[in-house]
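Here are a few exercises to work through with the model open beside you. Try each task before reading its solution.

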Amino acid sequence: MDLYEHQARELFEGHGILVPRAEVATSAEEARACAERLGGRVIVKVQVKTGGRGKAGGVRRAADPPAAELAARRILGMDIKGHAVRAVMPAQPVDMESEFYVSYAVDRASGRFLAIASAEGGADIEDVAATRPDAVGRVPVVPAEGVSRHKAAEIAAAAGLPAEAAGTLTALWNVLIREDALLVEVNPLVRTPQGQLIALDAKVTLDDNARFRQARRGVQETTYDDEHEAAAAAKGLTYVKLDGQVGVIGDGAGLVMATLDVVAGRGARPANFPDIGGGASAQVMADGRGVVLSHPCVTCVLVNVFGGITACDAVADGIVRALESVRLTKPLVVRLDGNNAARGRAILDACAHPLVEQVTTMDGAARCAAELAHAAPAV
């Protein structure tokens, strides 16, 4: 369950991480009143669960309350990557000397957490990671050991962060563990001329399996701005809408992220971030295909599964079941590897559907999907 920024920053603040004063507004008039209470000059930030908000025009500076009202009026009602804007967050501006990036995420492949940090945070962190990977520090964290002061200092040193960032890294780890999170991210974490470290942004993804604890902490049931995300959530699937044409289905967030990268590397754009989970049944596989294909911009679907807990023959059964219940009108590229892969491939071979193409490698499957997407008529 992804949190809105204003929800995530409340968790940060509760664990001692400094954040700017801010309020939430659902109308332009409320934004003006918020700015008056916050001292007049504010940054008006859109509240949607997606990245790239600033580049999309969802973050605006306002010199006074009337300007805050105008900024909110321009932002509210926008569509940012398929997310309708219903709220903004006026926040006090912060003078910054340096910008950093810090995060913790689950690394399912290693059974550990991964600390990712860089001394070059900000809106272009993805470009930094892609063009200069040595500027991004990656430090594995053993769950049973956690992030002590010494480990935090190791992470800071690996990323080139100032030594005083160790305290924030420790506090961020506490957010991850004590709030049942799968991902916590600050971009940017800034250092002020006075030497304070302040989180200007906050991103948190909570573990759905711990909802019974999160409810006691006041975390509200998540709402969805996109109908496809809502439909996926109703079926227990993790799904985030993107702006491409290649629908993707995978098991495990790490494999899915790698798949999105490989698809993009082949010159195509993924249409979604999905995760059918580590123990997906045939029914879950069928549900996932239905949700992905319901996206009108999808011109082909890439299924990339590495069988572990999820056996490849169960995935193949799910694909065949879906083909029997709903007529397939778009190409389906399938790559199966790992547990029962040979059996899964045999099931799909026996099905012999003309729109299903099997490829044995992830790179080959991504290349095939990209070619099909480019060949499809424009939507």
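**Exercise 1: the first helix**

Task: Find which elements cover the buried residues of α1.

Solution: This is a predicted model. Among the elements that cover the buried residues of α1 are the strands β1 (42–46), β5 (88–91), β9 (181–191), β10 (197–199) and β11 (203–206), together with the helix α6 (165–178). Next, pick out the residues being covered: in α1, which spans residues 5–14, E5, H6, A8, R9, L11 and F12 are buried. To read that pattern, recall that an α-helix has 3.6 residues a turn, so residues three or four places apart point the same way. Finally, step just past the end of α1, where G16 has a positive phi of about 85°.

**Exercise 2: aromatic rings**

Task: Work out how the rings of Y104, F113 and W173 are linked into a cluster.

Solution: Start with the count, which comes to two aromatic pairs. In one of them, the ring centres of Y104 and W173 are 5.5 Å apart and the planes meet at 75°; an angle over 60 degrees counts as edge-to-face, so this pair is edge-to-face. Now place the partners: Y104 belongs to strand β6 (residues 98–107) and W173 to helix α6, so the pair ties together parts 69 residues apart in sequence. Y104 and W173 are both buried.

Turn to F113 and W173, whose ring centres are 5.2 Å apart with planes at 90°, so this pair is edge-to-face too. Since F113 lies in strand β7 (residues 112–118) and W173 in helix α6, the contact ties together parts that are 60 residues apart in sequence. F113 is buried, as is W173. Put together, the ring pairs link Y104, F113 and W173 into a cluster.

While you are looking at rings, visit Y4: the charged end of K49 sits over its ring, 4.6 Å from the centre.

**Exercise 3: a sheet and its helix**

Task: Establish the strand order of the open three-stranded sheet, and say which strands stand at its edges.

Solution: The order is β2-β1-β5, and the pairing is antiparallel. β2 (59–62) and β5 are the edge strands, each with a single partner, so one side of each has no neighbour in the sheet. On average, neighbouring strands here are turned by 20° against each other, direction ignored.

Look next at the pairing of β1 with β5: four bridges join these antiparallel strands, and V46 stands opposite V88 in β5. To finish, add helix α3 (residues 65–75), which lies across β1, β2 and β5 and runs at about 10° to β1.

How values were computed. Residues numbered from 1 in each chain as written. Predicted model: local features only at pLDDT ≥ 70, side-chain atom pairs only at ≥ 80, totals over all residues. Heavy atoms only, no water. Buried < 20%, exposed > 50% of the residue type's maximum accessible area, 1.4 Å probe, protein only. Helix = DSSP H or I, 4+ residues; strand = E, 2+ residues; numbered from the N terminus. Contact = heavy atoms within 4.5 Å. Phe/Tyr/Trp six-rings, centres within 6.5 Å; stacked < 30°, edge-to-face > 60°. Lys NZ or Arg CZ within 6 Å of the ring centre and 35° of its normal. Pairing = 2+ DSSP bridges. Axes fitted to C-alpha atoms, helices over the stretch in contact; angles between N-to-C directions.
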